[in-house]
Each structure stands twice: as structure tokens, then as C-alpha cells.
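Colleague: I am new to this structure and would be grateful for a close look at a single part of it. Please begin with one residue and its surroundings, and then place that part within the whole.

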Amino acid sequence: MSATDAHNGQPAVDVDTQETREWMDALVAVIEREGPERAHFLLEQLLEEARQNSIDMPFSANTGYVNTIEPAEEARCPGNIEIEERLRAYMRWNAMAMVVKANRHNPEDGGDLGGHIGSFASLAHMFGAGFNHFWHAESENHGGDCLYIQGHVSPGVYARAYLEGRLTEEQLLHFRQEVDGKGLSSYPHPKLMPEFWQFPTVSMGLGPLMAIYQARFLKYLHARGIANTENRKVWVFCGDGEMDEVESLGAISLAARENLDNLIFVINCNLQRLDGPVRGNGKIVQELEGEFRGSGWNVIKLLWGSNWDPLLARDKDGALRKLMMDTVDGDYQAFKANDGAYVRKHFFGRDPKTLEMVAHMTDDEIWNLRRGGHDPQKVYAAYHRAVNHKGQPTVLLIKTVKGFGMGKAGEGKNTVHQTKKLTDEDIKIFRDRFNIPIPDSELAKIPFYKPADDTPEMQYLHERRKALGGYLPKRRVKADESFTVPSLETFKAVLEPTAEGREISTTQAYVRFLTQLLRDHAS
Ligand SMILES: Cc1ncc(C[n+]2csc(CCOP(=O)(O)OP(=O)(O)O)c2C)c(N)n1
Ligand SMILES: [Mg+2]
């Protein structure tokens, strides 16, 4: 962001470029030699001094369009990244097969049962990190984490449960057809699947709103000594389009005011909603960063994958960072819907310095520069930072590609949200892209795929969940303890006429009932 004049908000004129350069060089030297923390400290001191001297400073809650966590600060993922990649591929395949089969095999419904492939495709890495390393089920040692799952990515969650042996092939074949309680609900639906889904989320905006109060309630239970909820986290997955619902942002200031450090929002910034861009001419990540930071949240941005790191390390004069910042979301989407040559020309080619930076790279290498949400190591590091943050709620703004891996059938396309009928050729490309061991002769049936129980993948899958206390999502249907209904005697004070024979309002009566109930320790 360039400086503005303190009085009229217009771009400021640099009256002494030499002096400006000296200040900039001093800052760059501190960042390089002493690190970002020292630079942060010095800037805070300068800003405080300026504030004390009544220097007007326009407010900006934004950082650059780069990852919040520097590569050197990343916590390393302890998992087996290759095995996780293969498991994820099988889940992607089964999720796709579920939706495509449901639409192909039900011509009586016009072959249009719906369901979504593209959203889970963009979220698969983020789910993988959570299920393999972070999300606790309820067990002897842990009360269990709460998962608010973006509703229309349910096929991906079913695909995992199928590999885990919690759902059968028969159930997957009944996706979106909950006949006789056999099938799977389209969206997280605790009433239709009472032992599976914890929270209903598909009406966009309700998940994030409910989750804030859930996190608040967990803190309350702990503070009152009613339950130990100390290690429990509330994880909330939202779409970037979903953040435009008023409910999504409606209570975020409460979360910060109450210091809900048990709350983690993950916003899947694939820059797309149902049928078009979320912000064609702006940048949704920057906009949300401002909203959340301004409301007192800890914000972690994960925008670029590891193969961008060497380029950013060489970006001494900030040309690449400036290009990243100046490019709007509509253009980022156009790049993803094209190819490496297009990205070289229309992105890096905007500045001779950035074009030169990628001169040694092939078009394919340029094409494979990933968005941050598809880098398992970086997703792990972002989650790790979020769960260890104290005193504030955290929001992770993670940039992804909608329809990741779907190639021409959808990747980055405006229509991908509604893609549910792939051609035979698309399915073959999908199989090859993710190395699914299904022969050509079987492909027309789009069979589900599950490796044998004794394979390293399956053992790893179960071992990870065992280490985290069991399978998720899972809902407890029965309360652990029954309670005694208080006798009518408890409410005597409310039931008997007042001494003066005065009538009381319904509200007063209700409050008195509640007061008696809260005092009654037996119930
Ligand atoms: C209140 C509400 N309105 C409309 C819908 C229908 N709907 C389902 S997904 C979707 C678009 C979601 O876009 P985004 O939040 O960006 O999620 P993505 O699939 O891109 O991750 C819409 C409009 C809904 N579920 N809830
Ligand atoms: Mg989206």
C-alpha cells in the first residue's frame, strides 16, 4: 500500500527520497539480520512514539499478500506425507464416484440428484491435516473437539468414513437418498444421522455463528467447574462466499472479547462461490483479514505453497510481493483456468523483474506453483500455530483451488461448483492424475476403491485416529448421566401466592423458576 497524505487522503508526495531510502534500508537490514520479531518490536515503538506526538496514521489492518508464517518458523509435520497423499487420493476418488454415480444411476430423478465434487476437492488437504494430526475424538483423556463442517463437502467426509469401515458401500450408493434410514444425508444432518453428524451446517452462515456460542459455552462450563473443557477446540470450516452471509461475521467481535482461544475458523478461500467469483475486482483474503484483525482475532494467512518459497527468498526488491498484492482475485482465477504459459505471460510478465525470476522454469513448473492450501506441510504448520495460540480466537485464511485436480472438468472454472456429471474421459483423467489402481476395463462402473486392511495406508489411517482417540465425526446420542427431576416443593416460592396477593408477570415467574432450578444441586 502506498502512503497517503495525512490531511486529504490523496497519494503523498515523497519530498526526500534519499531519507525514505535510508529508513527503508534500515528496516530491511533489521528483518534480515535480527528477524521479523525484532522488526515488529521496533515498528511498535515507532508507532507508539508517533501516536504520542499526535501524528495522524490511517488505519490499516492488513499485512502483505503473503503467508503469515515464514518458512523458517514452520512447525514440521511429523506424519508420513506420501501415505497421507495416497489416502487423500482414494478419498477424492470415492467422493467423486459417490456424486457421479448418484447422478448417473437415478434417471428417474432426471439424473440430477445433485451433490458437489469441487468444494471437497479444494478442501481435501485441510481435512487430511485435521483428521491425521489435530482433531480429537471424545475419549478417556479428552472431551473431544467440535467440528463444524462446510455442509456441501459431506461426500469427502463420507469417503473417509467408508475407508475407516464406518460406512458401507451400500450406504455410499444411497448418497442423498435417505430411504428407510439406509442412505446418507446430503448435508450434515444430526436428525437423519444421529450418531454421525455433530452439528447441522449447510445453511450458510449458521455454522460460524453457532460455533462462536459453542466455544463460549465450553469456556463457561470450564469456568463454572461443571466440566473440564480445557483442551477442547471448536473447528469451523466456512467457504469464502459464505462469509458474505451476515450471520458469518455477525458475532466475531464477541469471540474476541471473550478471548475464545478454543475457537478456530478455517476459511477456504478458493475465490469462488456458486457460479462466479467471490470478489472479481478485489481480494477476499485481504478483506477478511481486515475484518477479523479489526475485531481482535489472530489472523493466519496461508496463500502460497512451498515451491514459491525460493522465489520469494530471491525477491529482494519486493517486485514479486507487489505483483501478488496488485493482482485481483478475478485474474488469479483466470490464471488457474489456463496453463503455465498463460501464467508466465499474464502474471509474471507484468513486470520484467518477475518475468526474469521465472526464466529458468518450464511452463509446467510454473503451472505447478501451488496455492498454500494444497501444501500439506504448510497446512500442518498453520494448524499447529492456531492450536497453540493463547488469548484470542484464530482465523486461518487459506487459499485453494476449487475443483483441485479435476483438470479441464473443473479446476478453477466458474461452473465447477455445480459439476456432478463427469464424462468417461474426465473420469479416466481423474484416475490417472491421482493414481487410483482401477483398470480401464472397470472404469465405466466407477467402482469405489478401498485398499486391503493390511496395506501401510490402511494401517496408517487407523493408527492416526487411534492416537487421536477414535473416529470422527461422531455424535453422542445419550447423555452420560441421568438427573433427578426436582420435586414440586422446590418451586414452592413461585407456586404460592405472594404475601401481598399481587399478580406477577410471566417473565418474572419464569425467571423465578430458573433461579430455583439453578439453586437445586440435586438436579
Ligand atoms: C443460506 C444459504 N444460501 C444458499 C445456499 C446454497 N449454496 C450452497 S453452497 C453455495 C456456494 C458456496 O460458496 P462458498 O461459500 O465460497 O463455498 P465453496 O464451495 O466455494 O467452498 C451456495 C450458494 C446455502 N447452502 N445456504
Ligand atoms: Mg468459495
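Modeller: The residue chosen is D520, which in this predicted model is partly exposed, because 13 other C-beta atoms lie within 10 Å of its own. A count of 12 or fewer would have made a residue exposed, and 20 or more would have made it buried. D520 is located in the segment that comes after α22, the helix of residues 506–519. Once the neighbours within four places in sequence are set aside, D520 has contacts with P486 and T490. The second of these partners, T490, is 30 residues away along the chain, yet the C-alpha atoms of D520 and T490 are separated by 7.6 Å.

The surrounding chain can now be described. The domain assignment gives domain 1 as 17–58, domain 2 as 81–305 together with 370–467, and domain 3 as 488–519. Between the C-alpha centres of domain 2 and domain 3 there is a distance of 48 Å.

A second residue, L468, offers a contrast in burial. L468 belongs to the loop that links α20 (456–467) and α21 (492–495). L468 counts as buried because 21 C-beta neighbours are found inside 10 Å. Apart from neighbours within four places in sequence, its contacts are with W135, H136 and A137. Q52, by comparison, is 416 residues from L468 in sequence, and the C-alpha atoms of these two residues are 50 Å apart in space.

Two helices show how burial is arranged along an element. In α18, which covers residues 424–433, the buried residues are I427, F430 and R431. These three lie on the same side of α18, because they cover an arc of only 100° around the axis. Exposed residues E425 and D432 are carried on the face of α18 that is turned away from the buried side. The buried residues of α18 pack against α3 (81–104) and α19 (440–443). After α18 comes N435, which has a positive phi, near 55°.

In α10, which covers residues 284–294, the buried residues are I284, V285, Q286, L288, E289 and F292. The cover over them includes the helices α9 (252–257) and α13 (329–336), as well as the strands β3 (263–269), β4 (298–302) and β5 (394–399). α10 is followed by G296, and the phi of G296 is positive too, near 95°.

The model also contains a ligand. Ligand 1 is surrounded by 19 residues, of which the closest are S119, M204, G239, G241 and E242. By character, the shell around ligand 1 divides into 10 polar, 5 charged and 4 nonpolar residues.

Finally, there is the protein chain as a whole. The protein chain has 22 helices and 5 strands. Of its 523 residues, 35% count as buried. Among contacts between residues at least 6 apart in sequence, 74% join residues at least 24 apart. Along the principal axes, the C-alpha atoms fill a box of roughly 85 × 75 × 40 Å. The radius of gyration is 26 Å, which agrees with the value near 24 Å for a compact globule of 523 residues.

Technical notes: Residues numbered from 1 in each chain as written. Chains lettered and ligands numbered in written order. Predicted model: local features only at pLDDT ≥ 70, side-chain atom pairs only at ≥ 80, totals over all residues. Near = placed C-beta within 6 Å. Nonpolar A, V, L, I, M, F, W, Y, C, P; charged D, E, K, R; others polar. Domains from an automatic or database assignment. Helix = DSSP H or I, 4+ residues; strand = E, 2+ residues; numbered from the N terminus. Arc of directions from axis to C-beta. Contact = placed C-beta atoms within 7 Å. Rg over C-alpha atoms; globule rule 2.2 N^0.38 Å.
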